[in-house]
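Here are a few notes to go with your first look at this one. Have the sequence and the 3D view open side by side, and take the points in order.

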Amino acid sequence: RQQGKPQPSQFFASAHRAPQLPNPHPELRALPDRSFIDQICSQYGGIPQAVLDAPELVELMLPCLRADFTVFETYRYSQDAPLGCSMTAFGGTLDRRIREAEVESWRAQTTGAFRFEMFEGGHFFINDRRDAVLNSIKRDLASAGLVSAGN
């Protein structure tokens with residue numbers, strides 16, 4: 001927007017608190033490798049055991065994982081006008097890190113239609129509820145006139 005680029009037609013957020021909310025959790029990105037992995041496993045539960053059992057895979061994934069954590073742990077929200085597009089925010093009912101109210105707080109980031117939906121599951125609910133999440137996305141895209149209802 002600040003560069004005069006087009007805004008999104010539809011915005012989806014998933015498994016993350018709204019950007020205006022501070023991170024209430026201790027930062028993980030600077031932990032030693034073993035502690036970093038242990039904390040991710042205990043707090044998010046998202047690393048498959050097959051990966052954990054293969055040191056070469058853990059070594060390959062660590063730089064990307066640390067980069068992800070660096071981005072969201074160092075991000076600082078700057079107040080700006082809400083987006084004008086429709087917005088949908090998703091969360092998991094059993095997510096240990098993100099509460100329903102934090103998902104619903106995305107509402108403040110749009111002047112367009114807003115909807116939030118909680119799916120059964122933890123932080124990676126999308127892995128177990130893939131079809132339901134995709135159907136929800138399709139429904140919102142069709143409501144916004146971005147795809148036909150049959151697609």
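1. One cut-off before we start: a residue is called buried when its relative accessible area is under 20%, exposed when that value is over 50%, and partly exposed in between. C41 is a handy case to try it on: its relative accessibility is 23%, so C41 counts as partly exposed. Please also keep in mind that this is a predicted model.

2. Now the overall layout. The protein has 6 helices and 3 strands, and from the N terminus on the order reads β-α-α-α-β-α-β-α-α. Its C-alpha trace spans about 45 × 35 × 30 Å along the principal axes. Of the 151 residues, 31% are buried. Looking at contacts with a separation of 6 or more, 74% come from residues 24 or more positions apart.

3. Where do the nonpolar side chains gather? The largest nonpolar core has 12 residues: L28, F36, I37, I40, Y44, I47, V51, V58, M61, L62, L65 and F69. Both α1 (33-43) and α3 (55-74) supply at least two residues of this core, and α3 gives the most, with 5. To see the packing, pick L65: beyond its neighbours within four places in sequence, L65 is in contact with F36, I40 and I47. Apart from this core lies another one of 10 residues, including C85, M87, A89 and F114. As background, nonpolar side chains in soluble globular proteins tend to be buried together.

4. α3 deserves a point of its own. This helix has 20 residues and reaches 28 Å from its first C-alpha to its last, close to the 28 Å expected at 1.5 Å a residue. Even so, there is a kink of about 35° at L62, shortly before the proline P63. The buried residues of α3 are V58, M61, L62, L65, R66, F69 and E73. Note R66 and E73 in that list. What do the buried residues of α3 pack against? Their partners are α1 and α2 (49-52).

5. Next, the cysteines. How many disulfides does the structure hold? The count is 0. C41 is in no disulfide, and the nearest cysteine sulfur, that of C64, is 16 Å away. Another cysteine, C85, has a relative accessible area of 4%, so C85 is buried. C85 is also one of the residues in the second core of point 3.

6. Have a look at Q10 in strand β1. Is Q10 buried or exposed? Its relative accessibility is 12%, so Q10 counts as buried. The side chain of Q10 makes a polar contact with the side chain of T88 (3.1 Å). Leaving out residues up to four places away in sequence, Q10 touches C85, S86, M87, T88, D140, L141, A144 and L146. Two of these names, C85 and M87, you have already met in the second core.

7. Moving on along the chain, A15 lies in the loop between β1 (10-14) and α1. A15 has a positive phi of about 55° although it is not a glycine, which makes this backbone spot a good one to check by eye. With a relative accessible area of 10%, A15 is buried.

8. A15 turns up again beside D95. Where is D95? D95 sits in the loop between β2 (86-92) and α4 (100-104). At 10% relative accessibility, D95 counts as buried. Apart from residues up to four places away in sequence, D95 touches A15, G121, G122 and H123. With H123 there is a polar contact from side chain to side chain, at 2.7 Å. C41, from point 5, is 54 residues away from D95 along the chain, and their C-alpha atoms are separated by 13 Å.

9. Last stop: S105, in the loop between α4 and β3 (114-119). S105 has a relative accessibility of 19%, which is under 20%, so S105 counts as buried. Setting aside residues up to four places away in sequence, S105 touches A18, Q20 and L21.

Methods: Residues are numbered from 1 along each chain as its sequence is written. This is a predicted model: local features need pLDDT of at least 70, side-chain atom pairs count only at pLDDT 80 or more; totals for chains, interfaces and linings use all residues. Side-chain values use heavy atoms; hydrogens and water are left out. Helices (H or I, at least four residues) and strands (E, at least two) are DSSP runs, numbered from the N terminus. Buried means under 20% relative accessible area, exposed over 50%, partly exposed in between (1.4 Å probe, protein chains only). Contact means heavy atoms within 4.5 Å. A polar contact is a pair of N or O atoms within 3.5 Å; within protein, one must be able to donate a hydrogen and the other to accept it, and residues adjacent in sequence count only if both atoms are side-chain atoms. A nonpolar core is a set of buried Ala, Val, Leu, Ile, Met, Phe, Trp, Tyr and Cys residues joined through side-chain atoms within 4.5 Å. The expected span of a helix is 1.5 Å times one less than its number of residues. The bend at a residue is the angle between axes fitted to the seven residues ending there and the seven starting there. A disulfide is a pair of cysteine sulfur atoms within 2.5 Å.
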